[in-house]
Amino acid sequence: TGSRRVGLLTGPGAETVVGVVGILKAGASGVPMDGAHPPARLAGQLTRAGADVVVHDTTTRARAAALGGFTLIATPTPAEASPAKASPTEASPADEPPAVTTRPDDTAYVIFTSGSTGRPKGVAVSHLAMVTYLDWAVATFGYRAGDRLAQTASICFDASVRQLLAPLLVGATVVAWDADTLRDPDELLRRVERDRITVWSSVPTLWERLLAAAEQRADPPDLSALRWVHVGGEELSAAHVRRWYDLLGPGQRITNLYGPTETTINATCHVISERPGDDVARMPM
């Protein structure tokens, strides 16, 4: 607890949400890890971040064990995480939130940069910076109870902070899919329809794959529940935005987001509420 830093090595799904929230509620700082990276690289990053504990799930147990030298904690399965029903007069320990011991300048999480310009470095983001950003996102985009937000980003990318925590602040739902679904555009489109996603968030590349799958349908997909598209992390193509409007018609709202990890997720935001003209070559950020 306190300033303790805890590694998080989980696959997409409920266990990741449990891990992120559990680490924060314990007053610790999360250090998210990408299980696809070699164990030596992960262990080095954890050591540099000052973490000595790693939270994992059933799918990442072997990879966590391969790190060596760290205390391992398994997240509960969804069945284990569901508290047994108490009698009407019996209070559950879960009814009482843990005491808040963190301060605004305490570290909420440490995310390592991609290392594209050199050795990856750990960026420590404070609770104040994280909460300020999340408050802005909730107010700007009007997230609300009943929303269903797509969780597409790896926990090693800071966009996952908005995807995972903003819905929980307003009583909305985090919708996470496995890696196979994210790699299959047709299946992904079916899930967006079936799961009634109201807020899509991803890098432009994944969104364009979703768009291409929708264009190949004999009939336009039912995306009537979708009220926001958030894209960021790569340059947004004006041509792709035009294709989206041509397919789904007016009334779409797309946000082009940008920001290095050091600026807490996003530093700029441009809302697109109408189809760009054919002469527009680049979208503002």
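The exercises below, each with a worked solution, concern a predicted model.

**Exercise 1. Locate Q151 and decide whether it is buried or exposed.**

Step 1. Q151 belongs to strand 7, which spans residues 148-151.

Step 2. The relative accessible area of Q151 is 4%. Buried means under 20%, so Q151 is buried.

Step 3. Next come the partners. With residues up to four places away in sequence left out, Q151 touches S160, Q163, L164, V174, V175, A176 and W177.

Step 4. One of these contacts can be described further: the side chains of Q151 and Q163 make a polar contact at 3.4 Å.

**Exercise 2. State how many disulfides the structure holds, and classify C156 and C269 by accessibility.**

Step 1. The number of disulfides is zero.

Step 2. C156 has a relative accessible area of 14% and is therefore buried.

Step 3. For C269 the value is 28%, so this residue is partly exposed; the partly exposed class lies between the 20% and 50% limits.

**Exercise 3. Describe the backbone and the surroundings of R196 and I265.**

Step 1. Most residues other than glycine have a negative phi.

Step 2. R196 is not a glycine, yet its phi is positive, about 55°. I265, also not a glycine, has a positive phi of about 80°.

Step 3. R196 sits in the loop between helix 8 (185-194) and strand 9 (199-202). The loop that holds I265 runs between strand 11 (254-258) and strand 12 (268-272).

Step 4. Accessibility completes the description. R196 is partly exposed because its relative accessibility is 34%; I265, at 2%, counts as buried.

**Exercise 4. Count the aromatic pairs and characterise the one formed by W207 and W244.**

Step 1. The count is six aromatic pairs.

Step 2. In the pair of W207 and W244, the ring centres are 5.2 Å apart and the planes make an angle of 50°. Stacked pairs need planes under 30 degrees apart and edge-to-face pairs over 60, so the pair of W207 and W244 is tilted.

Step 3. This pair links distant parts of the chain, as W207 lies in helix 9 (residues 204-215) and W244 in helix 10 (residues 238-248), 37 residues apart.

Step 4. Both partners are buried: W207 has a relative accessible area of 0%, and W244 has 1%.

**Exercise 5. Identify the residues that ring pairs join into a cluster, and the charged group over the ring of W228.**

Step 1. The cluster linked by ring pairs consists of Y133, W136, F141, Y143 and W228.

Step 2. Over the ring of W228 sits the charged end of R253, at 4.0 Å from the ring centre.

**Exercise 6. Describe the largest nonpolar core and the place of Y143 in it.**

Step 1. The largest nonpolar core has 32 residues, and Y109, M130 and Y143 touch the most other members.

Step 2. Several elements supply at least two residues each, including strand 1 (5-9), helix 1 (14-25), strand 5 (107-112) and helix 6 (159-170). Helix 5 gives the largest share, six residues.

Step 3. Outside its neighbours within four places in sequence, Y143 contacts A137, V138, L149, R162, A166, V170, V199, R227 and H230.

Step 4. Another core, of 27 residues, lies apart from the largest one; among its members are A150, W207, L226 and I272.

Methods:
Residues numbered from 1 in each chain as written. Predicted model: local features only at pLDDT ≥ 70, side-chain atom pairs only at ≥ 80, totals over all residues. Heavy atoms only, no water. Helix = DSSP H or I, 4+ residues; strand = E, 2+ residues; numbered from the N terminus. Buried < 20%, exposed > 50% of the residue type's maximum accessible area, 1.4 Å probe, protein only. Polar contact = N/O pair within 3.5 Å; in protein donor to acceptor, adjacent residues only side chain to side chain. Contact = heavy atoms within 4.5 Å. Disulfide = S-S within 2.5 Å. Phe/Tyr/Trp six-rings, centres within 6.5 Å; stacked < 30°, edge-to-face > 60°. Lys NZ or Arg CZ within 6 Å of the ring centre and 35° of its normal. Core = buried A, V, L, I, M, F, W, Y, C linked by side-chain atoms within 4.5 Å.
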